[in-house]
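Please open the structure in your viewer and keep the selection tool at hand. The tour below goes from one selection to the next and says what is found at each stop.

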Amino acid sequence: MAAFSCSLVTLPSQMRNLSLTSSSSSSPISNSASFSFSKNLSHPLFSQGSLALSPVQHPTRRSMVVCEVATKKADSAVKRARLAEKRRLYNKARKSEIRTRMRKVLEALEILKKKPEAQAEEILPVEKLIGEAYSVIDKAVKAGTLHRNTGANRKSRLARRKKAVEIHHGWYTPVPETTSA
């Protein structure tokens, strides 16, 4: 009867050494060999996880068994995963709202640009939509959903499109920059 022992650093001190005895008559460990433990396995560490045994062959030594204990995720890891999922859904909703508001502003500006006899007062409802979009973008940046540069780029995109519509209809004429030499 061959006896094998294994030790795990992760086990508590009273469980540091486990003795395994093989019921097979051959000394090399085979897949059909069954093992019995000489220590009680009702330890809480084993009830939380599983014990895996794998034979290891070394060229100069006898066969030995390596024991590994796989435990469940720690409670802190479970909580982190739960909070990450909650934040992901929250951020996803914020980003969706930003895209929706930007799309509404861009569509309104496109309609206004295509309108041949548009008046300057017709831009006021679009400016209100732009203000609401700016507010949502700023809140997302403040909450950390968007990077501040991304928020600035999106606000700039809306402002550029609005200015392009104003220039198209002649409501705004850009002042050329003067370069001082």
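Leaving aside its neighbours within four places in sequence, which residues is Lys162 in contact with? Before selecting anything, bear in mind that this is a predicted model. Now select Lys162, which lies in helix H4, and display the residues around it: leaving aside neighbours within four places in sequence, Lys162 is in contact with Leu109, Ile123, Glu127 and Ile130. Because its relative accessible area is 19%, and buried means under 20%, Lys162 counts as buried.

Next, select helix H3, residues 124-143, and look along its length. This helix has 20 residues and reaches 29 Å from its first C-alpha to its last, which is close to the 28 Å expected at 1.5 Å a residue. Within H3, colour Val126, Ile130, Ala133, Val136, Ile137 and Ala140, which are its buried residues. If you then turn the view so that you look down the axis of H3, these buried residues fall within an arc of 125°, so they line one face of the helix. The face turned away from this buried side carries the exposed residues Leu124, Lys128, Lys139 and Lys142, which you may wish to show in a second colour.

To see what the buried residues of H3 pack against, add helix H2 (75-114) and helix H4 (148-169) to the display. Just past the end of H3, select Gly144, which follows the helix and has a positive phi, near 90°.

The next stop is the largest nonpolar core, which has 17 residues; of these, Ile98, Val105, Leu109, Leu112, Ile123 and Val126 touch the most other members. H2, H3 and H4 each supply at least two residues of this core, so keeping the three helices on display is useful here.

From that group, select Ile98 and show its surroundings: leaving aside neighbours within four places in sequence, Ile98 is in contact with Val136, Ile137, Ala140, Leu146 and Arg154.

Finish with Arg154, whose place is in helix H4. Is Arg154 buried or partly exposed? At 22% relative accessibility, Arg154 counts as partly exposed. Its contacts, again leaving aside neighbours within four places in sequence, are Ile98, Met102, Ile137 and Leu146. As a last step, pick the C-alpha atoms of Arg154 and Ile137, which are separated by 8.0 Å although the two residues are 17 residues apart along the chain.

Conventions
Residues are numbered from 1 along each chain as its sequence is written. This is a predicted model: local features need pLDDT of at least 70, side-chain atom pairs count only at pLDDT 80 or more; totals for chains, interfaces and linings use all residues. Side-chain values use heavy atoms; hydrogens and water are left out. Helices (H or I, at least four residues) and strands (E, at least two) are DSSP runs, numbered from the N terminus. The expected span of a helix is 1.5 Å times one less than its number of residues. Buried means under 20% relative accessible area, exposed over 50%, partly exposed in between (1.4 Å probe, protein chains only). The arc is that of the directions from the helix axis to the C-beta atoms. Contact means heavy atoms within 4.5 Å. A nonpolar core is a set of buried Ala, Val, Leu, Ile, Met, Phe, Trp, Tyr and Cys residues joined through side-chain atoms within 4.5 Å.
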